[in-house]
Amino acid sequence: MLLKYNGALSHREGEIMTSLHFTHQARIAVASIAALAMSMIPLAGCGSSSSKGKVYYLNTKPEIVKELQDLGKKYQKETGVEVQIRTAASGTSNSTITSELGKKNGPGLFNLAGFDQYIRFRKFLRPLQNTKLYKQLDAEGKSNAFGDGKNVYTLPYAGEWYGIIYNKAILNKYVSKPYAVIKQASELKDYATLKKVAESMQEHKADLGIKGAFSTPGLDPSNNYRYAAHMNRVPYFFEMRDKGVRWSLNMKGTYVPQYKDLWDLELKNSPTDPHRISTVSYDDSTGEFARGEVAFYPNGVWSYAQIKGNAVKDEDLGMLPYWMGIKGEEKYGPFGVYDANWAINKRASKADQEACLKFLEWIVTSKEGRTALSKEMGFSVPFTTFGDEYQPDNPLTTAAKQYQKEGKPSPFSINIPGQQYIDDLSNALLEYSQGTGKWNKVQEAFTKDWTAQWESYKQAEGMLPPAGKFDM
């Protein structure tokens, strides 16, 4: 069955556009959205007074235009407050935000995606730590909001997670075999056990009816973000844990050997010869898992769109954290990433600012708003007002969030310095895997290249991510 590739392209676009964070929602470029994208749309029946202010929302997610329009109409009808929504066309968010914020009657509310946009537009941002909305964020939402240590400036509203997705049916079949190194699936709870299971599965793949334990760790440009922009964040996170900060310019690469252990495990226990991984695309790797040909597939909850409807049933989808054998890693769940943030333009009138905050309060507390965000837009929303009935229908999201219920927080995604860094790390991995390069180049990508790329970023943007206190 042909798998539609509608996830990885978005990730690559996100890397290039924001440099430091990820856009995990597919960017839909259909004619109806394109027609809406660059026009101001006042919703019918305004009738608001200037004392009430108005809501002008500059949205940068083209895939949710209709849902936002419907919400705006409902809110305007209920309150009499004028709602205007404009959506930037895909790939134009920076230029559109720049243009609109420069106008006298610019948006009171707009989206920010990633540290890059936060830095670019920080002079327009109103502090939000004393607002009702900020106080309604859950702990993970607060930890992923952008700020400078003194003030908080954004409100994350869509969470996603990545780790090692697995097929429960294959694992359950394996544990029933006499050669299994574990006797029940619940014993799979650390890297040492994962390594034994994967190697045993690979040895007995014919009997299990699979082609490999892991999906191919492809380093095709559509696929390499899984290893050079996701899995690589794991050793950074734990080294920063040791330093007691949320970000650092100089890294020793303390846990890069553990990254190598997991990389080697995937490389040696997949369906593809290591010399061919540069040709394996996102579609190829995802297809191996979706067709039930492998047990383990490192990726995120967004891949459900490509997995569903194939051989793997929803009830057989699980997610493990990115275990590598790092001390203390068992205390955490899969990594979290929050790319979509709300921000308030402090240069808008006070009345408009307050109108926008009240609109957002309505969205995260009303039945209409919560249903739209969680069910219609499919977001896992990090506000305390979203209980069990307001969660997306994605079994991978459910699996990832189960760790939080067990008291295992999601590690935050460390800011990384952009596309050149990703490409350099990917190339070093490829040369090592094909036997044409040494591992020390990978080690240098984690350390020397990291520092050099960030110093270049500082020259261009004038600042670096705040260190902050490590608080997990």
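This passage walks through the packing of a predicted model, from its nonpolar cores to its helices, ring pairs and a buried serine.

The natural place to start is the inside. The largest nonpolar core takes in 102 residues, and L188, M201, W263, F296, L320, L429 and W450 are the ones with the most contacts inside it. Helix 19, spanning residues 419-434, supplies the largest share of this core, at 7 residues. There is also a second core, separate from that one, with 38 residues; L68, L71, Y157 and Y390 are among them. Back in the largest core, W263 makes a good example of who meets whom. Leaving aside residues up to four places away in sequence, W263 touches P217, L219, Y227 and M231, along with I277, L429, Y432, S433 and W439. One of these partners, L429, is itself on the list of residues with the most contacts inside the core.

Two helices show how buried residues are arranged and covered. In helix 8 (residues 168-175), the buried set is I170, L171, Y174 and V175. Looking down the axis of helix 8, these buried residues fit within an arc of 130°, so they line one face of the helix. That set packs against strand 5 (155-167) and strand 7 (294-300), as well as helix 9 (191-203) and helix 10 (205-208). At the N-terminal end, helix 8 is capped by N167, which places a side-chain oxygen 2.9 Å from the backbone nitrogen of A169.

Helix 17 (residues 367-376) has a buried set made up of G369, R370, A372, L373 and S374. Their cover includes strand 5 again, plus strand 9 (335-344), helix 3 (65-79) and helix 16 (350-365). After helix 17 comes G378, with a positive phi near 80°.

Next come the rings. The model holds 37 aromatic pairs. In one of them, Y157 and W342 have ring centres 4.4 Å apart and planes at 15°, and with planes under 30 degrees apart counting as stacked, this pair is stacked. The two partners come from distant parts of the chain, with Y157 in strand 5 and W342 in strand 9, 185 residues apart. Both rings belong to buried residues: Y157 has a relative accessible area of 1%, and W342 has one of 2%.

A pair with another geometry is F237 and F335, which meet edge-to-face at 5.5 Å centre to centre, with 75° between the planes. This pair, too, links distant parts of the chain: F237 lies in helix 12 (residues 233-243) and F335 in strand 9, 98 residues apart. F237 and F335 are both buried.

Some rings join up into a bigger group. Ring pairs connect Y236, W247, Y259, Y421, Y432, W439, F446, W450, W454 and Y457 into a cluster. W439, one of the cluster members, also has the charged end of K260 over its ring, 5.7 Å from the centre. Elsewhere, K142 lies over the face of Y134, 5.3 Å from the ring centre.

Finally, there is a serine in a loop. S303 sits in the loop between strand 7 and helix 15 (304-307). Is S303 buried or exposed? With a relative accessible area of 0%, S303 is buried, as that value is under the 20% cut-off. Not counting residues up to four places away in sequence, S303 touches I165, Y282, Y297 and L396.

Definitions and conventions
Residues are numbered from 1 along each chain as its sequence is written. This is a predicted model: local features need pLDDT of at least 70, side-chain atom pairs count only at pLDDT 80 or more; totals for chains, interfaces and linings use all residues. Side-chain values use heavy atoms; hydrogens and water are left out. A nonpolar core is a set of buried Ala, Val, Leu, Ile, Met, Phe, Trp, Tyr and Cys residues joined through side-chain atoms within 4.5 Å. Buried means under 20% relative accessible area, exposed over 50%, partly exposed in between (1.4 Å probe, protein chains only). Helices (H or I, at least four residues) and strands (E, at least two) are DSSP runs, numbered from the N terminus. Contact means heavy atoms within 4.5 Å. The arc is that of the directions from the helix axis to the C-beta atoms. A polar contact is a pair of N or O atoms within 3.5 Å; within protein, one must be able to donate a hydrogen and the other to accept it, and residues adjacent in sequence count only if both atoms are side-chain atoms. Rings of Phe, Tyr and Trp (its six-membered ring) pair if their centres lie within 6.5 Å; planes under 30 degrees apart count as stacked, over 60 as edge-to-face and the rest as tilted. A charge sits over a ring if NZ of Lys or CZ of Arg is within 6 Å of the ring centre and within 35 degrees of the ring normal.
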